[in-house]
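Visitor: I have a structure to look at and would like some help reading it. Could you walk me through its features, one idea at a time?

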Amino acid sequence: MPWYAINNVHMITSLRASIPQVKQVWLADDSAGGGSIESLYQLYKSLCEEGRKFGNIVNGAKSWLIVKTIELAESAKMVFGDEVNITLEGRRHLGAVIGSKEFKDQYCQEKVDKWLREMESLAEISKSQPHAAYVAFTKGFKSKFTYYLRTIESFEEYVDPIEEVIHTSFLSSLFGRAEPLPEELKELVSLSPAQCGIGIPDLKRESLEQFNASLDITAPHVNCIVTQSSTIPARELMEERKCEINAKRRAAAKSRIDRIDESLSPDLLQAVQQTRDKGASSWLNAIPIEEHGLVLNKQEFRDSLCLRYNLPLPNLASYCACGEMFTVNHALSYKKGVHCYKSRSEARYEARRFLDIRSNGIL
């Protein structure tokens with residue numbers, strides 16, 4: 001691989017010197033360029049010849065020329081013939097999209113349709129396995145969106161179907177509710193667990209933030225492409241830009257949290273502030289591994305979410321055996337209740353287990 005990289009650098013440098021009118025972009029062996037039809041054809045032929053010397057064989061069947069008008073397409077056909085594919089629409093490039101608005105709409109819609117089917121399946125799974133479905137979404141599935149939010153402008157125009165499934169089906173199922181969550185919780189759950197949310201992204205809001213952050217952090221690289229510089233931006237410069245962007249992101253997050261807190265009722269605000277204590281939300285980040293005792297069943301997971309946001313627990317008795325109104329606070333504080341006995345027993349068991357580990361089984 002190192003020899004291949006060195007050969008590629010030599011070839012790229014040679015092409016850049018011989019055809020300076022074409023703006024070239026390379027990622028490993030994936031190349032692209034912008035310029036006039038004649039200069040692009042010259043680049044293509046030179047790449048075919050130079051590539052053979054370094055083991056880089058050009059595949060014309062996988063090469064595409066994107067033009068903007070029918071007249072340019074006809075001119076390109078006369079110059080290139082059938083050596084490459086010519087399109088007026090656009091093509092996928094490195095996972096994102098280049099081309100017309102119509103092609104962009106089609107490409108993004110196909111992506112969203114696929115995600116929508118997968119999201120509906122995940123929402124169905126959450127009816128019986130809410131803990132597993134939640135972890136699958138937050139630890140894996142939602143990462144599918146990130147690259148496209150960063151690289152495709154105005155991607156928020158396409159995510160409405162995904163947002164609808166998340167809020168009407170997936171979240172409702174996680175909480176064990178037949179109806180959507182209250183309005184005051186919809187924005188709250190989009191925060192990270194440490195900030196009192198559960199990490200369910202607000203795709204429309206994140207799309208603009210992610211795209212703008214991507215523009216800021218890649219600006220030095222874009223300048224290198226435009227000027228066809230032979231050197232990449234200094235590491236110190238990129239680290240400085242990352243720090244600036246992260247500082248802006250933290251400031252925006254703090255402002256958003258303050259705004260959300262102001263809109264909450266006093267009881268919910270108190271519950272939310274408790275969830276921000278150190279370690280109070282670690283159970284949401286845990287992978288449900290059964291052998292480690294980290295799996296929550298359907299009722300445990302849903303009750304935990306409801307308690308987290310001061311929501312009423314379903315199917316509770318109206319009165320305690322002692323005659324008092326049965327509430328969560330009463331159940332937790334009643335001295336003769338099962339919870340107090342269980343808490344003491346668990347503490348005693350954990351202490352014994354710790355001593356066993358420390359003493360190698362000798363007490």
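Guide: Gladly! Let us start with a definition: a residue is called buried when its relative accessible area is under 20%, exposed when that value is over 50%, and partly exposed in between. Keep in mind that this is a predicted model. Here, 33% of the 363 residues in the protein chain are buried.

Visitor: How many helices and strands does the protein chain have?

Guide: There are 15 helices and six strands in the protein chain. The radius of gyration is 29 Å, well over the 21 Å that the globule rule gives for 363 residues, so the chain is more spread out than a compact globule. The box filled by the C-alpha atoms tells you about the extent too: along the principal axes, its sides are roughly 90 × 50 × 35 Å.

Visitor: What can I learn from the contacts and the surface of the protein chain?

Guide: For contacts, look at how far apart the partners are in the sequence. Among contacts with a separation of 6 or more, 59% are between residues 24 or more positions apart. As for the surface, the protein chain exposes about 22,700 Å², and carbon and sulfur atoms supply 55% of that area.

Visitor: Which strands form a hairpin, and how many residues lie between them?

Guide: The hairpin is made by S5 and S6, with two residues between them. Strand S5 covers 90–93 and strand S6 covers 96–99. The two run antiparallel and are joined by four bridges. To see the pairing, find Gly 90 and look across to Gly 99 in S6, which stands opposite.

Visitor: What is special about the backbone of Leu 94?

Guide: The general idea comes from the phi angle. Most residues other than glycine have a negative phi. Leu 94 is not a glycine, yet it has a positive phi of about 55°. You will find Leu 94 in the loop between S5 and S6. With a relative accessible area of 37%, Leu 94 is partly exposed, because that value falls between the 20% and 50% cut-offs.

Visitor: Which residues form a nonpolar patch on the surface with Leu 94?

Guide: Leu 27 and Tyr 147 do. Together with Leu 94, they offer about 270 Å² of accessible area.

Visitor: Where is Cys 196, and is it buried or exposed?

Guide: Cys 196 sits in the loop between H8 and H9. Cys 196 also has a positive phi, of about 95°, although it is not a glycine. Cys 196 is buried, because its relative accessible area is 0%.

Visitor: How many salt bridges does a search of the whole structure find?

Guide: The search finds 14 salt bridges. To read one, find the charged side chains and then check the distance between the closest N and O atoms. For Asp 82 and Lys 77, those atoms are 2.5 Å apart. Asp 82 is exposed, at 70% relative accessibility, and Lys 77 is partly exposed, at 45%.

Visitor: What separates Glu 183 and Lys 186 in helix H8?

Guide: They are three residues apart in H8 (residues 183–186), so about one helical turn separates them. Their salt bridge has its closest N and O atoms 3.1 Å apart. Glu 183 is exposed, with a relative accessible area of 61%, while Lys 186 is partly exposed, at 26%.

Visitor: Which side chains in helix H9 are four residues apart?

Guide: Look at Arg 205 and Glu 209, in H9 (residues 203–227): being four residues apart, they too are separated by about one helical turn. Salt bridges can also share partners, as in the network that joins Glu 187, Arg 256 and Arg 259. Back in H9, the side chains of Arg 205 and Glu 209 meet in a salt bridge of 3.0 Å, N to O. Arg 205 is partly exposed at 23% relative accessibility, and Glu 209 is partly exposed at 43%.

Visitor: How does sequence separation relate to distance in space for Glu 209 and Arg 249?

Guide: Glu 209 and Arg 249 are 40 residues apart along the chain, with their C-alpha atoms separated by 8.8 Å. Now try another pair: Asp 105 and Leu 15 are 90 residues apart in sequence and 34 Å apart in space, C-alpha to C-alpha. Asp 105 lies in helix H4 (residues 101–125) and is partly exposed, at 27% relative accessibility.

How values were computed: Residues are numbered from 1 along each chain as its sequence is written. This is a predicted model: local features need pLDDT of at least 70, side-chain atom pairs count only at pLDDT 80 or more; totals for chains, interfaces and linings use all residues. Side-chain values use heavy atoms; hydrogens and water are left out. Patches are made of residues with over 30% relative accessible area and no salt bridge: like charges are joined within 9 Å, nonpolar side chains (Val, Leu, Ile, Met, Phe, Trp, Tyr) within 5 Å. Accessible areas come from the Shrake-Rupley method with a 1.4 Å probe; for residues, only the protein chains shown count as cover. A salt bridge is a side-chain nitrogen of Lys or Arg within 4 Å of a carboxyl oxygen of Asp or Glu. Two strands pair if DSSP finds at least two bridges between them. The radius of gyration is taken over C-alpha atoms; the globule rule is 2.2 Å times the number of residues to the power 0.38. Buried means under 20% relative accessible area, exposed over 50%, partly exposed in between (1.4 Å probe, protein chains only). Contact means heavy atoms within 4.5 Å.
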